[in-house]
Amino acid sequence: MQQRYVVPSGRRGSVIGDRELGVLARLVSSDATLSAGGWREAFEQAFARHVGARHALSVTSGTVALEIAIRLLDLAPGDEVVVTPQTFQASIQPLLDKDVEVRFCDIDPLTLNMDPTALQSLITDRTRAVILVHYGGCPADMDAIMKIARPRGIPVIEDSAHALGATYHGRRPGSLADIATFSFHSTKNITTLGEGGMITLDRDDWAKRVSRYRNNTVDGDYVHHSDAEEIPGALPWMMFSDEIYGRACARIRNAGTNATLSEAAAAVGLSQLDRLDELVERRRLIAGRLDEVVAAFPGAQPLYAPRGVSHAYHLYTFLAHDRNMRDALLRELDERGVEVQLRYFPLHLTPEWRFRGHGPGECPVAEHLWFERHMNLPCHPGLVDSQVDHLVDTLAAALTAVTGPAAKLRGGAAATV
């Protein structure tokens, strides 16, 4: 099917080059294992160093990372979990399997991240966790959020799928909360051949549980079995004999699964991590040009990162003045060859969460912004200079058509990236 968009939304959020192809060639031409080998270990160690976490454990997708992270919470019936509505469904979808009360927290209109003031009002003596996202790659106000959660012993999960490459007052997402998850999906800031994920945390006991779960081992509590029957003579030298015959299971939390990131994926991930600064800088340069255009037109509002925060621009988002302006811009951009996908529909209004009792009015800021003002534009390193020029010029033309001429625009819309 012929691509009708000059500037498509990114099917790939990263760029694969000679470095990645080289490590793949070395791997597949060697006799090294293709599962759970040295590349995975090297990728995890480098990732832990990068984000500043004690542990980094890779898994097969960002969704699986979130599922495992939520399992670590050991939620019980009647527990409450506070979540953001402004994210992809995977961030909170595992909670649909649990008999817990989900409370949606409204967002900050300047960042689209969880609003700490709204969070404070939702905390009760039954709150057992907070799950947030660094929307679009702009870190949430983590100091304020952790000041609410930490004294109460409430674990915080930071879904950092958008935020690899961002910083928050000198620290990196992945080390700002109790547990963090990352996605290396094809559209993310780095990729591990289309799918992959990572969990980062500091607690040794949680790291052991994650390791057991992803390696097809039961997540449970085990004790030495002093009355173990004598091990058959053929078994002492065999794998797992001591685990099977020398221990008793005292508690089962969850069955394990195979969530092993392949060696090929890990090798590419390590190469991509080495290129992260280059890839994110390209996003920032594109976003900077878009910000200049948006800021020049009445009724259009860029979303800047707060002071002390650097944005990774997994998504580029700005706000239109009202629904009429937003809808007109969508039509203009589409007709001029720019593909727009709005991210994300407020989760509390999706069918499954309405089924669980949620509905309109629960998060008025998120609802107003998404239905009336929210705009996303393509912003990824796969765009070549000519596509970026077309994007910037088209945005300026669309805004002119909808609002009238720009109040100010320095150097022309198509200044070189």
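Two strands count as paired if DSSP finds at least two bridges between them. Keep that in mind for the first exercise, and remember that this is a predicted model.

**Exercise 1. Work out how β13 and β14 pair, and which strands sit at the edges of their sheet.**

Step 1: Start with the pair itself. Strand β13 covers residues 316-319, and four bridges tie this strand to β14 in the antiparallel sense. The cut-off is at least two bridges, so this pair makes it.

Step 2: Pick out a facing pair of residues. Tyrosine 316 sits opposite leucine 377, which belongs to β14.

Step 3: Now zoom out to the sheet. It is open, has three strands in the order β11-β13-β14, and its pairing is antiparallel. β11 (301-302) and β14 (374-377) each have a single partner strand, so they are the edges, and one side of each lacks a neighbour in the sheet.

Step 4: Add the helices. Helix α10 (residues 323-335) packs on the sheet by touching β13 and β14, and its direction makes about 20° with that of β14. Helix α12 (residues 364-373) packs on the sheet as well, touching β11, β13 and β14, with an angle of about 60° to the direction of β14.

**Exercise 2. Decide what cysteine 138 and cysteine 379 are doing: disulfide or no disulfide, buried or exposed?**

Step 1: Check the total. There are zero disulfides in the structure.

Step 2: Look at the distance. For cysteine 138, the nearest cysteine sulfur is that of cysteine 379, and it is 13 Å away. A disulfide needs the two sulfur atoms within 2.5 Å. Run the check from cysteine 379 and you land on cysteine 138 as the nearest, again at 13 Å.

Step 3: Check accessibility, where buried means under 20%. Cysteine 138 has a relative accessible area of 3%, so it is buried. Cysteine 379, with 4%, is buried too.

**Exercise 3. Take three salt bridges and say how accessible each partner is.**

Step 1: Recall the idea. Side chains of opposite charge can pair when their charged atoms come close. The count for this model is 23 salt bridges.

Step 2: Try aspartate 205 and arginine 203. Their closest N and O atoms are 2.6 Å apart. Aspartate 205 is partly exposed at 39%, and arginine 203 is partly exposed at 40%.

Step 3: Move on to arginine 282 and aspartate 385, with closest N and O atoms 2.9 Å apart. This pair links distant parts of the chain: arginine 282 lies in helix α9 (residues 276-295) and aspartate 385 in helix α13 (residues 385-403), 103 residues apart. At 16%, arginine 282 counts as buried, whereas aspartate 385 is partly exposed at 37%.

Step 4: Finish with aspartate 327 and arginine 326, which meet at 3.0 Å, N to O. Aspartate 327 is partly exposed at 27%, while arginine 326 is buried at 5%.

Step 5: Look for shared partners. Asp74, Arg209, Asp219, Asp221, Arg251 and Arg253 are joined into one network that way.

**Exercise 4. Describe how helices α2 and α8 cross.**

Step 1: Get the geometry. The axes of α2 (residues 38-51) and α8 (residues 263-274) come within 8 Å, crossing at roughly 35°.

Step 2: Assign the hand. This crossing of α2 and α8 is left-handed.

Step 3: Find the contacts. On the α2 side they include Trp39, Phe43 and Phe47; on the α8 side, Ala266, Leu270 and Leu273 are among them.

Definitions and conventions
Residues numbered from 1 in each chain as written. Predicted model: local features only at pLDDT ≥ 70, side-chain atom pairs only at ≥ 80, totals over all residues. Heavy atoms only, no water. Helix = DSSP H or I, 4+ residues; strand = E, 2+ residues; numbered from the N terminus. Contact = heavy atoms within 4.5 Å. Axes fitted to C-alpha atoms, helices over the stretch in contact; angles between N-to-C directions. Buried < 20%, exposed > 50% of the residue type's maximum accessible area, 1.4 Å probe, protein only. Salt bridge = Lys/Arg side-chain N within 4 Å of Asp/Glu carboxyl O. Left-handed = near helix turned anticlockwise from the far one by under 90°.
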